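User: Could you take a close look at the charged pairs in this model for me, and then walk outward from them to whatever else they lead to? Plain bench talk is fine.

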Amino acid sequence: MKRPFTTRSAPGFGLAFLDVLCCGLGSAVLLLLIVKHGPADAGTIDQATIDARTRDVQERIAAEESHREGLLERLAEQERILARDAAALETLSSQQQAQAARYAGLLDQLRSERATLRENAASLQALQSAVKQPEEPESRPYGKQLTGINVADDRVAIFLDRSASMLHPSLVEIVRLRVSSPELKRSARKWAAAREAARWAYRQLPDGTRFQFFTYAGDLKDIAGATPPTRQRISWQVKGSPGADANALDAALAGALPDGPTNLKQVFETAARLVPRPRQLLILTDGYPTVPGNRRLSGLRGCPTPRKGATPVLSPRCREAVYLDAVEVVNKRLAGVPVDVILFPLEGDANAVRGYWLLSALSGGRMLTPARGWPYP
């Protein structure tokens, strides 16, 4: 009896199939062994490369750590600065508050003092309206006194400067007043103060005292308004005698108007011709002279040569040279005679204070400058 086909052929088919399967698996394994793959390359990296990469990574990590630490330090420094600024701001705010409180207190005090001043001003105005205003020095018999100069009791020569600069302390106002009316010139405060100073000096003289009174500018006039003779001896006047009393002095002052230059040299030359010799010279002026007497201006150091028909402009150095030339007359002909000076202020002639002070000090006299506005209240 024959076996079925399937029963007889099954083992041969299974073995062949297994052989084919094994061959396929072996080929696959062989291919895997022959062909390179990624994991096989990793095994080819040497240890030096790994160490280098490791060091690089470590250095980067260290740099990042250092940068981080630097940022942390900067952050801490910024926090300290902010804390300090906050403390300073708090202190400044406290100081500002204290100053504000102080200013508020000062403002209140100022308001209180202002109210007090207003009350005092109102009271003073009421008193002034109730009291009659004093007359000007021109009409008063006795003006305010000058202290610091002692007038001698005999042979006193008084010289009053009546040049144009005696109109006002300011140069601009002098130019304006020079072209003004005679009434306006007489009422100029500086000229009124100079006239009052001359009256004061006259009142200090005892009755019967020998004296002389002159006004000078470019020329020189005595109490009678006459020009004394040159190169001749001049006698003294007696206070209180006809032509030499207070009325004569007032008339001489009323007729004098400030104008022209200042010739100081003729003052000392006239004083040197007084007989007997003066015991005191009293000069009322406001600055250095501007003309050197009969001497040529160009002959003095620092002075220009005058142009024909033009008024020369004198520098401070030239005016000082003119002054020193005039003082030479004192040194030669009036040695030992005290020279007292009443100096009124003049803008731009500050050196005159030093010059007249030296003249007074070296001759044994004194110099004073009345307070601004004297003798007015």
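Analyst: Let's fix the term before anything else: a salt bridge here is a side-chain nitrogen of Lys or Arg within 4 Å of a carboxyl oxygen of Asp or Glu. Keep in mind that this is a predicted model. By that rule, the count comes to 17 salt bridges.

Start with a pair inside one helix. Glu 77 pairs up with Arg 80, and their closest N and O atoms are 2.2 Å apart. The two sit 3 residues apart in helix H3, which runs over residues 47-130, so about one helical turn separates them. Glu 77 has 35% relative accessibility, so this residue counts as partly exposed.

Now for pairs that reach across the chain. Asp 325 makes a salt bridge with Lys 265, with 3.1 Å between the closest N and O atoms. This one links distant parts of the chain, since Asp 325 belongs to helix H9 and Lys 265 to helix H8 (residues 265-272), 60 residues apart. Are these two partners buried or exposed? Both Asp 325 and Lys 265 are buried.

Helix H9 takes part in another link of this kind. Arg 354 bridges to Glu 320, again with the closest N and O atoms 3.1 Å apart. Here the distant parts are helix H10 (residues 351-363), which holds Arg 354, and helix H9, which holds Glu 320; the partners are 34 residues apart. Arg 354 has a relative accessible area of 42%, so it is partly exposed. Glu 320 has a relative accessible area of 22%, so it is partly exposed as well.

Some charged residues go beyond simple pairs: Glu 196, Arg 199, Arg 203 and Asp 250 are joined up in a network of salt bridges.

And then there's a charged residue that goes without. Asp 340, in strand E6 (residues 339-343), is buried yet has no salt bridge. Which side chain of opposite charge is nearest to Asp 340? That would be Arg 366, but it is 5.9 Å away, and the cut-off for a salt bridge is 4 Å, so the pair doesn't qualify. Asp 340 does have a contact with Arg 366 by another route: the Asp 340 side chain reaches the backbone nitrogen of Arg 366 at 2.8 Å.

Back to helix H9, where we found Asp 325 and Glu 320, to see what else is there. A search of the whole structure turns up 1 disulfide, and it joins Cys 303 to Cys 318 with an S to S distance of 2.0 Å. Cys 318 is in helix H9 (316-333) while Cys 303 is in the loop between strand E5 (280-285) and that helix, so the disulfide ties together parts that are 15 residues apart in sequence. The torsion about the S-S bond is about 105°, so the disulfide is right-handed. Cys 303 counts as buried because its relative accessibility is 12%, and Cys 318 counts as buried because its own value is 0%.

Val 327 is in helix H9 too. Its relative accessible area is 11%, so Val 327 is buried. The C-alpha atoms of Val 327 and Tyr 356 are separated by 9.8 Å, with the two residues 29 apart along the chain.

From helix H8, the home of Lys 265, you can step into the loop between H8 and E5, where Pro 276 is found. A cis peptide bond joins Val 275 to Pro 276, with omega about -5°.

Two arginines are worth a look for their backbone. Arg 155, in the loop between H3 and strand E1 (156-161), has a phi near 55°, which is a positive value in a residue other than glycine. Arg 155 has 19% relative accessibility, so it counts as buried. Arg 231 also has a positive phi, about 60°, though it is not a glycine. You'll find Arg 231 in the loop between strand E3 (220-222) and strand E4 (237-238). At 83% relative accessibility, Arg 231 counts as exposed.

Last, a contrast to all that charge: Val 29, Leu 30, Leu 33 and Ile 34 make a nonpolar surface patch, together showing about 430 Å² of accessible area. Leu 30 belongs to helix H1 (residues 5-34) and, at 48% relative accessibility, counts as partly exposed.

Technical notes:
Residues are numbered from 1 along each chain as its sequence is written. This is a predicted model: local features need pLDDT of at least 70, side-chain atom pairs count only at pLDDT 80 or more; totals for chains, interfaces and linings use all residues. Side-chain values use heavy atoms; hydrogens and water are left out. A disulfide is a pair of cysteine sulfur atoms within 2.5 Å. Helices (H or I, at least four residues) and strands (E, at least two) are DSSP runs, numbered from the N terminus. Buried means under 20% relative accessible area, exposed over 50%, partly exposed in between (1.4 Å probe, protein chains only). Patches are made of residues with over 30% relative accessible area and no salt bridge: like charges are joined within 9 Å, nonpolar side chains (Val, Leu, Ile, Met, Phe, Trp, Tyr) within 5 Å. Accessible areas come from the Shrake-Rupley method with a 1.4 Å probe; for residues, only the protein chains shown count as cover. Lys and Arg count as positive and Asp and Glu as negative; His and the chain ends are not counted. A polar contact is a pair of N or O atoms within 3.5 Å; within protein, one must be able to donate a hydrogen and the other to accept it, and residues adjacent in sequence count only if both atoms are side-chain atoms.
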